[in-house]
Amino acid sequence: MNQSKTIFFSNFDLNSLIRDNILNMDPYLSAREEFQEKDFIFLDANENSFGSPLSFSNSYNRYPDPLQMELKEKISKIKNIPSSKIFLGNGSNEIIDLIYRIFSRPKIDHSIIFPPTYGMYEISGKIHEVDVIKIHLTKEKYQLNLKKIENVINQYSKIIFICSPNNPTGNDIKREDIQKVIKKFSGIVVLDEAYIDFSDQESFSLEIEKYPNLILIQTLSKSWGLAGLRIGMAIASEEIIQWMNKVKYPYNVNQISQEIAIQALDNKDLFFFHLKNILLERKYMKKSLKEIPIIEKVYPSSSNFLLVKITNSSRNLYKYLIENNIIVRDRSKIILCNECLRITVGTHDENKYLINQIKKYSKKYFGDHPKKINN
Ligand SMILES: *Cc1c(COP(=O)(O)O)cnc(C)c1O
């Protein structure tokens with residue numbers, strides 16, 4: 001059997017990747033999808049026509065727009081992508097789940113991920129009983145190992161997850177490598193760009209036309225500061241977006257989240273102001289951390305966090321920081337992240353306090369010259 005036949009881009013055939021149960025399903029048509037004009041008398045969805053027991057005027061007695069058209073229009077303008085190529089989910093986590101649902105058969109197909117990376121790709125695979133094949137990123141530089149990827153791909157490889165900038169390492173994956181994977185693989189490539197606004201790299205969103213097998217993931221949770229609203233975005237071909245719309249829960253993004261997101265997206269000045277400050281603070285943190293003796297390495301970051309390697313030991317520093325009211329993420333048990341902590345960029349005061357605490361710890365345990373003691 002010539003397995004490699006199935007992996008080349010020229011053979012990409014969307015319908016052949018979609019699970020039969022999905023392909024043959026008539027989707028639920030929600031009441032609000034049929035009629036949306038404001039001046040009807042709506043007696044079709046068993047809502048409470050008298051309203052909700054809230055003291056302020058609102059329309060929360062009504063189901064929200066199932067396809068979030070107004071919000072998508074806003075996003076469409078900001079990102080310069082047609083609404084028809086955008087899907088909104090209850091966080092990116094819903095999007096990852098949907099992609100598994102649509103494209104992989106439990107116990108038959110597999111996905112491919114590149115650790116150390118975001119944990120949900122694997123967890124969601126496990127939930128769906130889909131095998132997750134792991135090909136580690138290269139050491140230190142945290143880049144794709146293209147040779148190994150090519151060797152592992154077969155006709156059961158349905159989804160490849162690439163995260164760039166990557167979590168928890170913080171770096172960009174090389175653009176040419178990402179392009180190679182998208183072009184060579186005839187399954188679905190999910191490129192998670194949750195942190196793209198913090199990077200110098202261009203998003204792939206403007207090239208989405210070129211890649212019928214690409215699904216981009218973005219989110220309002222990070223650069224937009226709206227993690228509490230739970231709004232994730234997928235950007236892909238219209239065909240893929242339509243499949244996602246068919247499979248999602250009818251009202252997957254609630255009314256309040258839609259309304260508040262629309263307000264926030266109107267305030268681009270404040271968005272850019274925060275973004276600029278995060279980038280300045282990232283630089284300040286990096287410089288300050290590098291000067292502390294127990295910090296062995298601060299990895300390059302294109303995101304809003306820094307991966308930091310500690311000499312002796314990340315665990316102790318982690319605990320020390322908790323005792324001093326600071327929670328960072330201990331990633332030391334993760335492959336290729338030995339002795340590493342992942343630290344989110346905070347406000348200037350928070351970062352100053354953090355750096356002082358790490359300096360104190362460094363001094364307390366190692367004096368001023370820990371590297372000499374250790375070597
Ligand atoms: C934070 C993050 C997300 C965002 O998840 P939401 O569910 O949208 O909040 C997605 N991918 C990665 C890699 C992340 O780190």
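This tour goes through a predicted model, from its domains to one helix and then to the ligand.

**Domains.** Colour the chain by its three parts: domain 1 takes residues 9-18 and 66-266, domain 2 takes 31-65, and domain 3 takes 269-366. Domain 1 is thus made of two segments of the chain. Next, select domain 2 and domain 3 together; their centres, taken over C-alpha atoms, are 48 Å apart.

**Helix 4.** Select residues 69-79, which form helix 4. Show the side chains of L71, K72, I75, S76 and K79, the buried residues here. They lie on the same side of helix 4, because the arc they cover around the axis is only 140°. Now turn to the other side of the helix, where E70 and K77 are exposed.

To see what the buried residues of helix 4 pack against, add three strands: strand 1 (86-90), strand 6 (214-219) and strand 7 (231-235). Helix 9 (238-247) and helix 10 (255-265) also pack against these residues. Before leaving, step to N80, just after helix 4, where phi is positive at about 60°.

**Ligand.** Select the ligand and the 14 residues around it. Those that come nearest are D192, Y195, S221, K222 and R230. Which distances separate polar side-chain atoms of N167, Y195 and S221 from an oxygen atom of the ligand? For N167 the distance is 2.8 Å, for Y195 it is 2.6 Å, and for S221 it is 2.7 Å. Finally, switch to a surface view: the ligand taken alone exposes 390 Å², and the protein buries 93% of that area.

Note on methods
Residues numbered from 1 in each chain as written. Predicted model: local features only at pLDDT ≥ 70, side-chain atom pairs only at ≥ 80, totals over all residues. Heavy atoms only, no water. Buried < 20%, exposed > 50% of the residue type's maximum accessible area, 1.4 Å probe, protein only. Helix = DSSP H or I, 4+ residues; strand = E, 2+ residues; numbered from the N terminus. Arc of directions from axis to C-beta. Contact = heavy atoms within 4.5 Å. Domains from an automatic or database assignment. Near = heavy atom within 4 Å. Polar contact = N/O pair within 3.5 Å; in protein donor to acceptor, adjacent residues only side chain to side chain. Areas by Shrake-Rupley, 256 points an atom, 1.4 Å probe, with all protein chains shown as cover.
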